[in-house]
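User: Hi! I'd like to go through this model and ask how each label was earned. Could you walk me through the reasoning?

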Amino acid sequence: MQAWHVHENGEPSEVMRLAEVERPVPGAGQVLLRVRAANVNFPDALMCRGQYQVRPPLPFTPGVEICGETEDGRRVIANPALPYGGFAEYAVADAAAVLPAPDSLDDAEAAALHIGYQTGWFGLHRRARLEAGETLLVHAAAGGVGSAAVQLGKAAGARVIGVVGGAAKAAVARELGCDVVVDRHAEDVVAAVKEATSGRGADVIYDPVGGDAYAQSAKLVAFEGRIVVVGFASGGIPSPALNHALVKNYAILGLHWGLYNTKNPKLVGQCHEQLTELAARGAIKPLVSERVPLDRAAEAVQKVADGRSTGRIAVLTEEPV
């Protein structure tokens, strides 16, 4: 089979190499899946660089999220068990964590429903307890993680403010349903959001960016608001001033979605049921901006690494139509 291998750490476009290799053999409790579509995530780029919290042994195949097919023909979504990731014709996954792919979504959309939407659902509902009528601010609202949070926020009845970088991404955020869009390249984010909220700020802030975005969040969170820390795509890990959280009465909530797979896996299944229902009635639909063939996977991962993508890029094992 064909699979992308990383033999050394570095930029994805430089260290990912397409090779002809043997199919992986499932271990105990695992299943072999034929990959139909693999979704590109920022952690794929970080793993190539050797900067992610999970460091699979070299050589490894990146690709942490797929829509695949079981040997008996069932269409499923899964997180492949590294080092046999999803940018390949076949991958392996833990059988207990395999979930049915929603019939309402095609392969690329189904592959993109998992990590970003699970993270969004747990962040907004489990951690922040977002309520209808509240104001939700989403950083990087046109990206893969942010776009999921925008849709989930709208589905929950929130007023959503999306912060993006550039006019093209602002257009995407509007199409996603943001009530207010702030282009950080052209506007002062703090001033624009304060104006949009009559000085009150946002009840919930969803931050997959870190760095300067977190500093803005601390200035914009409302009384009894919640900042959900999802990741650090900017590369900057902030050091929150806890005295500021005290005097302003807000909460800083961390979210590492992967922990639920070991700490409380039943919640992951329950979340998937809710996401499937939301997708079936059209309340959410993963934004797949590009569908590329397997031989362009390294290019796609580099594009995400460079912050040049919107929504999700899906890698298909068969030529996209």
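Analyst: Happy to. Let's begin with a cut-off: a residue is called buried when its relative accessible area is under 20%, and exposed when it is over 50%. Please keep in mind that this is a predicted model. With that cut-off, both faces of strand 5 (residues 75-78) are covered. Arg75 and Ile77 are buried on one side, and Val76 and Ala78 are buried on the other.

User: What makes strand 4 and strand 5 a pair?

Analyst: Pairing needs at least two bridges between the strands. Strand 4 (residues 66-69) and strand 5 are joined by four bridges and run antiparallel, so they pass that test. One example is Gly68, whose bridge partner in strand 5 is Val76. The hairpin they form has five residues between the strands, and there Gly73 takes a positive phi near 90°.

User: How do you know that strand 5 also pairs with strand 7?

Analyst: Two bridges join strand 5 to strand 7 (residues 99-100), again in an antiparallel arrangement. The requirement is at least two, so this counts as a pair. Ile77 stands opposite Leu99 of strand 7.

User: Why is the contact between Glu69 and Arg34 called a salt bridge?

Analyst: The cut-off is 4 Å between a side-chain nitrogen of Lys or Arg and a carboxyl oxygen of Asp or Glu. For Glu69 and Arg34 the N to O distance is 2.9 Å, so the label applies. This pair links distant parts of the chain, with Glu69 in strand 4 and Arg34 in strand 3 (residues 30-39), 35 residues apart.

User: Is Arg34 buried or exposed, and why?

Analyst: Neither label fits: its relative accessibility is 27%, which lies between the two cut-offs, so Arg34 counts as partly exposed.

User: What makes Asp203 and Arg200 a salt bridge, and why do they get separate burial labels?

Analyst: Their closest N and O atoms are 2.7 Å apart, and 2.7 Å is within the 4 Å limit, so this is a salt bridge. Asp203 has 6% relative accessibility, so it counts as buried. Arg200 has 46%, so it is partly exposed. Elsewhere, salt bridges that share partners join Arg34, Arg36, Glu69, Arg75 and Asp107 into one network. A search of the whole structure finds 15 salt bridges.

User: Which parts of the chain does the salt bridge between Arg226 and Glu134 link?

Analyst: Arg226 is in strand 12 (residues 221-229), while Glu134 is in the loop between helix 4 (115-127) and strand 8 (135-139), 92 residues away in sequence. The N to O distance is 2.9 Å, and both residues are buried.

User: How do you know that Cys271 is in no disulfide?

Analyst: A disulfide needs two cysteine sulfur atoms within 2.5 Å. A search of the whole structure finds zero disulfides. For Cys271, the nearest cysteine sulfur is that of Cys67, 17 Å away, so the criterion is not met. Cys271 is at 0% relative accessibility, so it counts as buried. Cys48 is buried too, with a relative accessible area of 0%.

User: One last thing: why is the protein called as compact as a globular protein of its length?

Analyst: The protein has twelve helices and 15 strands. Its radius of gyration is 19 Å, close to the 20 Å that the globule rule gives for 321 residues, so it is as compact as a globular protein of that length. Of those 321 residues, 54% count as buried.

Definitions and conventions: Residues are numbered from 1 along each chain as its sequence is written. This is a predicted model: local features need pLDDT of at least 70, side-chain atom pairs count only at pLDDT 80 or more; totals for chains, interfaces and linings use all residues. Side-chain values use heavy atoms; hydrogens and water are left out. Buried means under 20% relative accessible area, exposed over 50%, partly exposed in between (1.4 Å probe, protein chains only). The radius of gyration is taken over C-alpha atoms; the globule rule is 2.2 Å times the number of residues to the power 0.38.
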